[in-house]
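Me: I am new to this structure and would be grateful for a close look at a single part of it. Please explain the terms as they arise.

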Amino acid sequence: IIWAPAMVFSNVHDPATFGALAVHEALALALDLPQRQIVIACDCKPVVEEIKMGSKGSYSAIIQEVQVRTRELISCDVIFERRSLNFEAHSLAKVV
């Protein structure tokens, strides 16, 4: 588990856009580290599905950048994890 600094996205109101930005930031952090095999857990199922299959939504540019940047790693899995199981992220989201 890697902790990232808390990010505030003041003009984001759509949960899926927020989820896509969170995955993007997690990937940016991972690319700064020597690890080349990572797993990113996201509690927004549509974002996980669109990363795997492509997106035409309002945040498609973010999804496309995530798809391109994951190729810089040996292995990068973006998985769906229910919010109720992701205690750390949910606690952090409440505080921020």
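Reply:
**A helix and its surroundings**

Strands S1 and S2 run parallel to each other and are joined by six bridges; two strands count as paired if DSSP finds at least two bridges between them. Helices (H or I, at least four residues) and strands (E, at least two) are DSSP runs, numbered from the N terminus. Within this pairing, Ile38 has Cys76 of S2 as its bridge partner.

The model is a predicted one, in which local features need pLDDT of at least 70 and side-chain atom pairs count only at pLDDT 80 or more, while totals for chains, interfaces and linings use all residues. Residues are numbered from 1 along each chain as its sequence is written, and side-chain values use heavy atoms, with hydrogens and water left out. The protein chain has a mean pLDDT (the predictor's confidence in each residue, from 0 to 100) of 83, and 80% of its residues reach 70 or more. Confidence is highest in helix H3 (residues 60-70), at a mean of 95, and lowest in helix H4 (residues 87-95), at 54.

Strand S1 has two faces: Ile38, Ile40 and Cys42 form the covered one, whereas Gln37, Val39 and Ala41 form the uncovered one. In a regular strand the side chains alternate between the two faces of the sheet.

The part to examine closely is helix H2 (residues 45-53), where Val47, Val48 and Ile51 are buried, that is, under 20% relative accessible area, with exposed meaning over 50% and partly exposed in between (1.4 Å probe, protein chains only). These residues lie on the same side of H2 because they cover an arc of only 100° around the axis, the arc being that of the directions from the helix axis to the C-beta atoms. The cover over the buried residues of H2 includes helix H1 (15-31), strand S1 (37-42), H3 and strand S2 (75-80); contact here means heavy atoms within 4.5 Å.

Glu50 also belongs to helix H2. Leaving aside residues up to four places away in sequence, Glu50 touches Ser55, Tyr59, Ile63 and Gln67. Glu50 and Ile63 are 13 residues apart in sequence, yet 7.1 Å apart in space, C-alpha to C-alpha. After H2 comes Gly54, with a positive phi near 105°.

Lys45 lies over the face of Phe80, at 5.6 Å from the ring centre; such a charge has NZ of Lys or CZ of Arg within 6 Å of the ring centre and within 35 degrees of the ring normal.
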